[in-house]
Amino acid sequence: MYTLYYSPGTASMVVHLALLEIGAPHELRLVDFEADEQHDAEYLKLNAGGVVPTLVIDGRALTESAALLMMLAERHPETKLAPAPRTPEHDAWTQWIVYLSNTLMSTYRLWFYPAELGSSEHDPAIRAALQKKIESVWDRLETHLKNHGPYLLGAEFSGADLLLAMLMRWSRNMPRPVSEWPALSRLADLIRARQSWQKLYAIEGLSGW
Ligand SMILES: N[C@@H](CCC(=O)N[C@@H](CS)C(=O)NCC(=O)O)C(=O)O
């Protein structure tokens, strides 16, 4: 049994999507950001960073969305979340997940949380630099998908695409949302058509992109 601590539309989304893809029994616990519950002493015992997601697996609290996606994929090899271990496809899968986490996830954190850089609002130059960094990742992914898509691994869907779709969604209010990159938009459409995505929208009460 899994317990996922989540907040709608945030980094917990990829873990929730993975659980829905797997069809694994799980409990959801809402962490109410409005009430600052992510900083409650009890929650901090589970997730010292005061962020979501936290996934409790057999009584162990684990964190980091990309790592949780990988753990779930490995625990449920019968699903399509990851290619078979020790194959070139699996190596590419690991590479993309680490790349997305290392580039987009970390830069978004700075984009959405100026306090991490010590201010309540970004200086325009910092904002522009973060935007440039995020867009450079879209450029690289666009080239890859145009040549080797429609999914990150080519013809086959994998959990890495769920992570990418979540990260693409976060660009929707940015100066240049990901819809301006055609191959990425095509991948977004494919993921949005999946049952797991639609189910998650209903459960988390999300709308739009
Ligand atoms: N590296 C972490 C980042 C998690 C993260 O930044 N979560 C955000 C939501 S997207 C959060 O919980 N923010 C609440 C806060 O910082 O107060 C992961 O991938 O799990």
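**A ligand between two domains**

The shell around the ligand takes at least three residues from each of domain 1 (2-80 + 197-204) and domain 2 (88-194), with the domain bounds coming from an automatic or database domain assignment. I should say early that this is a predicted model, in which local features need pLDDT of at least 70 and side-chain atom pairs count only at pLDDT 80 or more, while totals for chains, interfaces and linings use all residues. Residues are numbered from 1 along each chain as its sequence is written, and side-chain values use heavy atoms, leaving out hydrogens and water.

As for the two domains themselves, their C-alpha centres lie 20 Å apart, and 20 residues of domain 1 are in contact with 23 residues of domain 2, contact meaning heavy atoms within 4.5 Å.

Turning to the ligand, 14 residues surround it, the closest being Val 52, Glu 64, Ser 65, Arg 109 and Tyr 113, where a residue counts if one of its heavy atoms lies within 4 Å. Which residues offer polar atoms to the ligand's oxygen and nitrogen atoms? An N or O atom in the side chain of Gln 38 lies 2.8 Å from a ligand oxygen, a polar backbone atom of Val 52 is also 2.8 Å from an oxygen atom of the ligand, and a ligand nitrogen is 2.7 Å from an N or O atom in the side chain of Tyr 113. Taken alone, the ligand exposes 510 Å², of which the protein buries 86%, by the Shrake-Rupley method with a 1.4 Å probe.

Key
A polar contact is a pair of N or O atoms within 3.5 Å; within protein, one must be able to donate a hydrogen and the other to accept it, and residues adjacent in sequence count only if both atoms are side-chain atoms.
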